[in-house]
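Me: Take a close look at one part of this model for me, the nonpolar patch on the surface, and follow the chain from there into the strands and charged contacts behind it. Keep it informal, but give me the cut-offs.

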Amino acid sequence: QVQLVESGGGLVQAGASLRLSCAVSGLTFGFLTMGWFRQAPGKEREYVAAISWTGSRSIYSDSVKGRFTISRVNAKNVVFLQMNSLNDDDTAIYYCAARLLAWPLDVPEYWGQGTQVTVSS
């Protein structure tokens, strides 16, 4: 069974940082394009970032570019999202997502259950 499990969310003050993690099992991690999406209250789910299966290419939405960094450690089957300079627009449930042998991550095949990030000001 495929599992994507997010962790690292929480409540922080504006300007603070968080690092989200996504642990993957049941898949060949080295061939998975990994990414993050988020869904804010009252809004549709939106793309945040993605990283290729080799880790050589990364893409970001305009709203997070320069503040967020996606990375992966294939030996540990983990993808990270480092989030800096958080503001209240970043408040959302963050979802880990994956698709086998795909670039970019337009339509994920697999999803985690999400982790809540809340930014206060």
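Reply: Let's start with Phe-31, which counts as partly exposed because its relative accessibility is 45% (buried is under 20% relative accessible area, exposed is over 50%, and partly exposed lies in between, with a 1.4 Å probe and protein chains only). Before going on, keep in mind that this is a predicted model, where local features need pLDDT of at least 70 and side-chain atom pairs count only at pLDDT 80 or more, while totals for chains, interfaces and linings use all residues. Residues are numbered from 1 along each chain as its sequence is written, and side-chain values use heavy atoms, with hydrogens and water left out.

Phe-31 sits in the loop between β3 (18-25) and β4 (32-39); strands here are DSSP E runs of at least two residues, helices are H or I runs of at least four, and both are numbered from the N terminus. Together with Leu-100 and Leu-101, Phe-31 makes a nonpolar surface patch of about 300 Å². For a patch, residues need over 30% relative accessible area and no salt bridge, and they're joined within 5 Å for nonpolar side chains (Val, Leu, Ile, Met, Phe, Trp, Tyr) or within 9 Å for like charges. The areas are Shrake-Rupley values with a 1.4 Å probe, and for residues only the protein chains shown count as cover.

Now follow the chain into β4. This strand runs antiparallel to β9 (residues 92-100), with eight bridges joining the two; strands count as paired if DSSP finds at least two bridges between them. One example is Phe-37, whose bridge partner in β9 is Tyr-95. Strands of a sheet pair through backbone hydrogen bonds, either parallel or antiparallel.

What else does β9 pair with? Strand β11 (residues 115-120) runs antiparallel to β9 and is joined to it by three bridges; Ala-92 has Val-117 as its bridge partner there, and Tyr-94 has Thr-115. Strand β10 (residues 110-111) is antiparallel to β9 too, over two bridges, and Ala-98 is matched with Tyr-110.

Stay with β11 for a moment, since strand β2 (residues 10-13) pairs with it in the parallel sense, over four bridges. Val-117 turns up again here, as the bridge partner of Gly-10. In a regular strand the side chains alternate between the two faces of the sheet. You can see that along β11: Thr-115, Val-117 and Val-119 point to one face and are buried, whereas Gln-116, Thr-118 and Ser-120 point to the other and aren't.

Back to β4 for the charged contacts. How many salt bridges does the structure hold? Three, where a salt bridge means a side-chain nitrogen of Lys or Arg within 4 Å of a carboxyl oxygen of Asp or Glu. Arg-38 meets Glu-46 in one of them, at 2.8 Å from N to O. Arg-38 counts as buried because its relative accessibility is 4%, while Glu-46, at 34%, counts as partly exposed. Arg-38 also forms a salt bridge with Asp-90, with the closest N and O atoms 2.9 Å apart. Arg-38 is in strand β4 and Asp-90 is in the loop between β8 and β9, so this pair ties together parts 52 residues apart in sequence. Asp-90 then bridges to Arg-67, again at 2.8 Å from N to O. Here the link runs from the loop between β8 and β9 to the loop between β6 (58-60) and β7, 23 residues apart. Asp-90 and Arg-67 are both buried. Through shared partners, Arg-38, Glu-46, Arg-67 and Asp-90 end up in one network.

Glu-46 is also where strand β5 (residues 46-51) begins, and Ala-49 is in that strand. Ala-49 counts as buried because its relative accessibility is 0%. Setting aside neighbours within four places in sequence, Ala-49 is in contact with Met-34, Gly-35, Trp-36, Ile-59, Tyr-60, Ile-70 and Leu-81, contact meaning heavy atoms within 4.5 Å.

One last piece is the other sheet you'll meet along the way. Four strands make an open sheet in the order β1-β3-β8-β7, with antiparallel pairing. Its edges are β1 (3-7) and β7 (68-73), each pairing on one side only. Inside it, β7 and β8 (residues 78-83) run antiparallel over six bridges, and Arg-72 stands opposite Val-79.
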